[in-house]
Amino acid sequence: FVEAMERQGGDCHLINIASGAGLYSQHRATMGPYVASKHCAVVLTQAIRTELEARNSTVKVHLLCPSLVATDLIPNSKWAHARVVKGETEPVVDVDALDDISDAFHTRLNRDGMSTDMVADLTFQA
């Protein structure tokens, strides 16, 4: 897709989205896979930027690392865990079923986190 973007002429922008978690290490046992995937997005973006700059590409690479965003990350993560580890097929979407730590984080995300619409607006403004 980069070649197609370059053929369009003019500056083009590739925006990858990671998380603030991709910029530092978390020391919570259950966050390992999430943090690892975000670190991967950071490193991949850096590699793509280096490669495109080396060939003077018109495609500019950006990385968005928002902090708290109001989402259903925690219940959906519980659903993924249940499916993969326990072999269950139904999602665990009942927030009352979350453990205390997950419940506190879910509450914080949705109390303090910016909306996904705000993240989109800020991205386009940048």
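Contact here means heavy atoms within 4.5 Å. In this predicted model, P66 touches I17, A18, S19 and G20, with residues up to four places away in sequence not counted. P66 is a loop residue, placed between β2 and α3 (73-85). Its relative accessibility is 14%, so P66 counts as buried, the cut-off being under 20% relative accessible area. P66 also lies 9.5 Å from G113, C-alpha to C-alpha, although 47 residues separate the two in sequence.

**Overall fold**

The chain contains five helices and two strands. Read from the N terminus, the order of elements is α-β-α-β-α-α-α. Of the 126 residues in the chain, 25% are buried. The accessible surface amounts to about 8600 Å², and carbon and sulfur atoms account for 56% of that area. If contacts in the chain between residues at least 6 apart in sequence are considered, 62% of them join residues at least 24 apart.

**The largest pocket**

The largest pocket holds about 490 Å³ of space. It is lined by 23 residues, and those closest to its centre are S19, Y34, P66, S67 and V69. Two elements, α4 (100-112) and α5 (116-125), give two or more residues each to this lining. Sorted by class, the lining comprises 15 nonpolar, six polar and two charged residues. P66 is thus both one of the residues closest to the pocket centre and a contact partner of S19, itself listed among those closest to the centre.

S19 also appears among the contacts of K38. Helix α2 (residues 32-54) contains K38. Neighbours within four places in sequence aside, K38 is in contact with A18, S19, A21 and G22. A18 and S19 are also contacts of P66. K38 has a relative accessible area of 19% and is therefore buried, a value that falls under the 20% limit.

**The nonpolar core**

Which residues form the largest nonpolar core? The seven are V2, M5, C12, L14, L52, V59 and V61. At least two of these residues come from each of α1 (2-7), β1 (12-17) and β2 (59-64).

V59 belongs to strand β2. It is buried because its relative accessibility is 4%. Beyond its neighbours within four places in sequence, V59 is in contact with V2, M5, E6, C12, L14 and L52. Of these partners, V2, M5, C12, L14 and L52 are themselves listed in the core. The C-alpha atom of V59 is separated by 8.8 Å from that of R49, which is 10 residues away along the chain. V2 touches L52, R55 and V59 when residues up to four places away in sequence are left out.

**The loop between α2 and β2**

N56 sits in the loop that links α2 and β2. Its phi is near 55°, a positive value in a residue that is not glycine. Most residues other than glycine have a negative phi. Is N56 buried or exposed? N56 is exposed, because its relative accessible area is 66% and the exposed class begins over 50%.

**Accessibility of selected residues**

| Residue | Location | Relative accessible area and class |
|---|---|---|
| V59 | strand β2 | 4%, buried |
| P66 | loop between β2 and α3 | 14%, buried |
| K38 | helix α2 | 19%, buried |
| N56 | loop between α2 and β2 | 66%, exposed |

Key
Residues are numbered from 1 along each chain as its sequence is written. This is a predicted model: local features need pLDDT of at least 70, side-chain atom pairs count only at pLDDT 80 or more; totals for chains, interfaces and linings use all residues. Side-chain values use heavy atoms; hydrogens and water are left out. On a 1 Å grid over the protein atoms alone, a cavity is a set of points where a 1.4 Å probe fits but cannot get out, and a pocket is an open set with protein on both sides within 12 Å along at least five of seven lines; lining residues have an atom within 4 Å of a point. Grid points are joined across faces, edges and corners, and a volume is the space filled by probe spheres set on the points. Ala, Val, Leu, Ile, Met, Phe, Trp, Tyr, Cys and Pro count as nonpolar, Asp, Glu, Lys and Arg as charged, and the others, Gly among them, as polar. A nonpolar core is a set of buried Ala, Val, Leu, Ile, Met, Phe, Trp, Tyr and Cys residues joined through side-chain atoms within 4.5 Å. Buried means under 20% relative accessible area, exposed over 50%, partly exposed in between (1.4 Å probe, protein chains only). Accessible areas come from the Shrake-Rupley method with a 1.4 Å probe; for residues, only the protein chains shown count as cover.
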